[in-house]
Amino acid sequence: KGEIDGIEAADAIRTQFDIPIIFITGYADKDRLKRAKLTYPFGFIINPFQDKDLEVTIEMALYVAKVDSERKQAEEALRQSEEKYREFVEGTDDFITQVDSEGRFIYLNAKALKVFGLSKEKCIGSYAFDYIHPDDRERTKIAFGDWVRNRVSRATFENRQVNQTTGEVYHMSWTINFHYGEDGNITGINSIARDITEQRQRKE
């Protein structure tokens, strides 16, 4: 008895403590069932009931709750792992990009955006080849065509990239990973590059 009913109490218990809830009630009208569903109950038993029914429902509720808890723990561990990976990728001095099967950018880290001199919004969806130095563009396209045609999974390459804001030229050393679908067609490319401009300048 009180200001709230059992369904509201169940919702508060589930929200605050994540305890599995089983409803035992003499009412089974549609409105009540609809409200009860919103609390994600592990069982809904209608009076009168047999002890065995309650026993089985409790066992199933505890099992499902255990599985659900393990799933949430795994999801949280994955989330933390993804955050650490994201921190590493965004904080590294390496140039990291992903392109789709058509050669359009779908991801660039902070270093890549700095080299290109553009915002992420302007880079995403644009063609990767457009940022290559004009003198290196054709040989890069030829190399990529050969790699994809021969189903190469990894390749290394050097070319020059152009900052779209300042016009500054960067010499980049690439490690390129190719991904293919079951039909053998390219599905995407992940690339890591290192700025070797100073190294090349010293060598020259």
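**Exercise 1. Place Arg194 and list what it touches.**

Arg194 lies in strand E7. Strands (E, at least two residues) and helices (H or I, at least four) are DSSP runs, numbered from the N terminus. The model is predicted: local features need pLDDT of at least 70, side-chain atom pairs count only at pLDDT 80 or more, and totals for chains, interfaces and linings use all residues. Residues are numbered from 1 along each chain as its sequence is written, and side-chain values use heavy atoms, with hydrogens and water left out.

Step 1. Take the C-alpha distance. Arg194 and Ser173 are 21 residues apart in sequence and 5.3 Å apart in space.

Step 2. Collect contacts, meaning heavy atoms within 4.5 Å. Not counting residues up to four places away in sequence, Arg194 touches Asp94, His171, Met172 and Ser173.

**Exercise 2. Is Ile196 buried or exposed? Find its contacts.**

Step 1. Locate the residue. Ile196 is in the loop between E7 and helix H7 (197-203).

Step 2. Apply the cut-offs. Buried means under 20% relative accessible area, exposed over 50%, partly exposed in between (1.4 Å probe, protein chains only). Ile196 has 9% relative accessibility, so Ile196 counts as buried.

Step 3. List the partners. Leaving aside neighbours within four places in sequence, Ile196 is in contact with Glu158, His171, Met172 and Ser173. The C-alpha atoms of Ile196 and Ser173 are separated by 6.6 Å, with their positions 23 residues apart along the chain.

**Exercise 3. Work out the strand order of the five-stranded sheet and what packs on it.**

Step 1. State the pairing rule. Two strands pair if DSSP finds at least two bridges between them. Strands of a sheet pair through backbone hydrogen bonds, either parallel or antiparallel.

Step 2. Read the order. The open sheet runs E4-E3-E7-E6-E5, with antiparallel pairing. Strand E4 (105-108) and strand E5 (154-162) are the edges, each pairing on one side only. Neighbouring strands are turned by 25 degrees against each other on average, direction ignored.

Step 3. Add the helix. Helix H6 (residues 134-149) packs on the sheet and touches E5, E6 and strand E7 (186-195). The direction of H6 makes about 160 degrees with that of E5. Axes here are lines fitted to C-alpha atoms, for helices over the stretch in contact, and angles run from 0 to 180 degrees between N-to-C directions.

**Exercise 4. Trace the register of E5, E6 and E7.**

Step 1. Nine bridges join E5 to the antiparallel strand E6 (residues 169-180). In E6, Trp174 is the bridge partner of Phe157, and Asn177 is that of Arg154.

Step 2. Inspect the turn. The hairpin of E5 and E6 has six residues between the strands, and Gly167 there takes a positive phi near 80 degrees.

Step 3. Move on. E6 and E7 also run antiparallel, joined by nine bridges. His179 has Gly188 in E7 as bridge partner. Their hairpin has five residues between the strands, with Gly184 at a positive phi near 90 degrees.

**Exercise 5. Describe the setting of Thr92.**

Step 1. Thr92 is in the loop between helix H3 (51-91) and strand E3 (95-100).

Step 2. Thr92 is buried, because its relative accessible area is 15%.

Step 3. Thr92 touches Asn109 and Lys111, not counting residues up to four places away in sequence. A polar atom of the Thr92 side chain lies 3.2 Å from the backbone nitrogen of Asp94.

Definitions and conventions: Polar contact = N/O pair within 3.5 Å; in protein donor to acceptor, adjacent residues only side chain to side chain.
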